[in-house]
Amino acid sequence: MNWLSDMQTVDLNRAPGLCKQAKALYHTAFPKEERLPWWLLRLNARRSGIDLTAFMDGDTFCGFTASATVENMHFLLFFAIPEDLRGRGYGSAILSQLRQNYEVVTLNVELLDETAPNYPQRLQRFAFYQKNGFDFALKCTCSGLFVLLGLVNCVYAFSARKGDRRFGV
């Protein structure tokens, strides 16, 4: 299957059924303390240029992103793939599609804290983004977008540039 040509995107604010699936995934994929209220994401997606996008493989809901684009940088606020579809290439296909469409794609992941209860999961995420061509740096962020969303955090910030193929993606 050619992932890039077969993967479809859908605006979640225009697809109520998919929006319900994305909301359920959002609540299972992210801990409560990391989530914004879903209604706030949807509201901002209508007003401020934040996109809520579902990714589809035919009739299969493969995941969603909540993102913001500023100039040439696309920032992934939230990115999730249903647990039963992980490891099948959907996440890599979505990231590859985003990297083709935007000059810079940036996202945050949790710190690699060995005492964290989900440390193995954090390691997997970190390796996944590196495998998909994302470079990382430790950053404390408090930008206008984060202030708007009420977030200030220290995380690993991953970035990938359009056309960067160092990792064979």
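The paragraphs below lead through this predicted model, from the overall chain to its strands, a helix and a group of aromatic rings.

The chain contains six helices and seven strands, and these elements follow one another along the sequence in the pattern α-β-α-α-β-β-β-α-β-α-β-α-β. Of the 169 residues in the chain, 43% are buried. When contacts between residues at least 6 apart in sequence are considered, 61% of them join residues at least 24 apart.

A useful place to begin is strand E3, which spans residues 60–70 and is mostly covered, with eight of its eleven residues buried. Strand E2, made up of residues 50–57, pairs with E3 in the antiparallel sense over eight bridges, and within this pairing Asp51 stands opposite Ser67 in E3. The two strands form a hairpin with two residues between them, and here Gly58 takes a positive phi near 65 degrees. Strand E4, residues 73–80, also runs antiparallel to E3, and seven bridges join these two strands; Ala66 stands opposite Phe78 in E4. E3 and E4 likewise form a hairpin with two residues between them, in whose turn Glu71 has a positive phi of about 50 degrees.

Thr65 offers a view of the surroundings of E3, the strand in which this residue lies. With a relative accessible area of 1%, Thr65 falls under the 20% limit and is therefore buried. Once its neighbours within four places in sequence are left aside, Thr65 is in contact with Asp51, Leu52, Thr53 and Phe55, with Leu76, Phe78 and Phe79, and with Ile94 and Leu98. Some of these partners belong to elements already described: Asp51 is the residue that stands opposite Ser67, and Phe78 is the one that stands opposite Ala66.

Another residue that reaches E3 is Leu85, which is found in the loop between E4 and helix H4 (90–101). Leu85 has a relative accessible area of 8%, so this loop residue counts as buried. Although Leu85 and Thr60 are 25 residues apart in sequence, their C-alpha atoms are 9.8 Å apart in space. Not counting residues up to four places away in sequence, Leu85 touches Thr60, Phe61, Cys62 and Tyr90. Cys62 is itself buried, at 0% relative accessibility, and Cys19 is buried too, with a relative accessible area of 4%; the structure nevertheless holds zero disulfides.

Helix H3, residues 38–47, shows how burial can be divided between two sides of one element. Its buried residues are Trp38, Leu41, Asn44 and Ala45. Seen down the helix axis, these buried residues fall within an arc of 130 degrees, so they line one face of H3. The face turned away from this buried side carries the exposed residues Trp39, Arg46 and Arg47.

Trp38 leads on to the aromatic rings, among which a search of the whole structure finds eight pairs. The rings of Tyr26 and Trp38 have their centres 5.1 Å apart and their planes at 50 degrees, so this pair is tilted. Because Tyr26 lies in helix H2 (residues 16–29) and Trp38 in helix H3, the pair ties together parts that are twelve residues apart in sequence. Tyr26 is buried, with a relative accessible area of 0%, and Trp38 also counts as buried, at 6% relative accessibility. The rings of Tyr26 and Phe78 likewise have their centres 5.1 Å apart, but their planes stand at 90 degrees, so this pair is edge-to-face. Since Tyr26 lies in helix H2 and Phe78 in strand E4, this second pair ties together parts that are 52 residues apart in sequence. Like Tyr26, Phe78 is buried. Ring pairs link Tyr26, Phe30, Trp38, Phe64 and Phe78 into a cluster.

Elsewhere in the chain, an aromatic ring is found with a charged side chain as its partner: Arg99 lies over the face of Phe134, at 5.8 Å from the ring centre.

Technical notes
Residues are numbered from 1 along each chain as its sequence is written. This is a predicted model: local features need pLDDT of at least 70, side-chain atom pairs count only at pLDDT 80 or more; totals for chains, interfaces and linings use all residues. Side-chain values use heavy atoms; hydrogens and water are left out. A disulfide is a pair of cysteine sulfur atoms within 2.5 Å. Buried means under 20% relative accessible area, exposed over 50%, partly exposed in between (1.4 Å probe, protein chains only). Helices (H or I, at least four residues) and strands (E, at least two) are DSSP runs, numbered from the N terminus. Two strands pair if DSSP finds at least two bridges between them. The arc is that of the directions from the helix axis to the C-beta atoms. Rings of Phe, Tyr and Trp (its six-membered ring) pair if their centres lie within 6.5 Å; planes under 30 degrees apart count as stacked, over 60 as edge-to-face and the rest as tilted. A charge sits over a ring if NZ of Lys or CZ of Arg is within 6 Å of the ring centre and within 35 degrees of the ring normal. Contact means heavy atoms within 4.5 Å.
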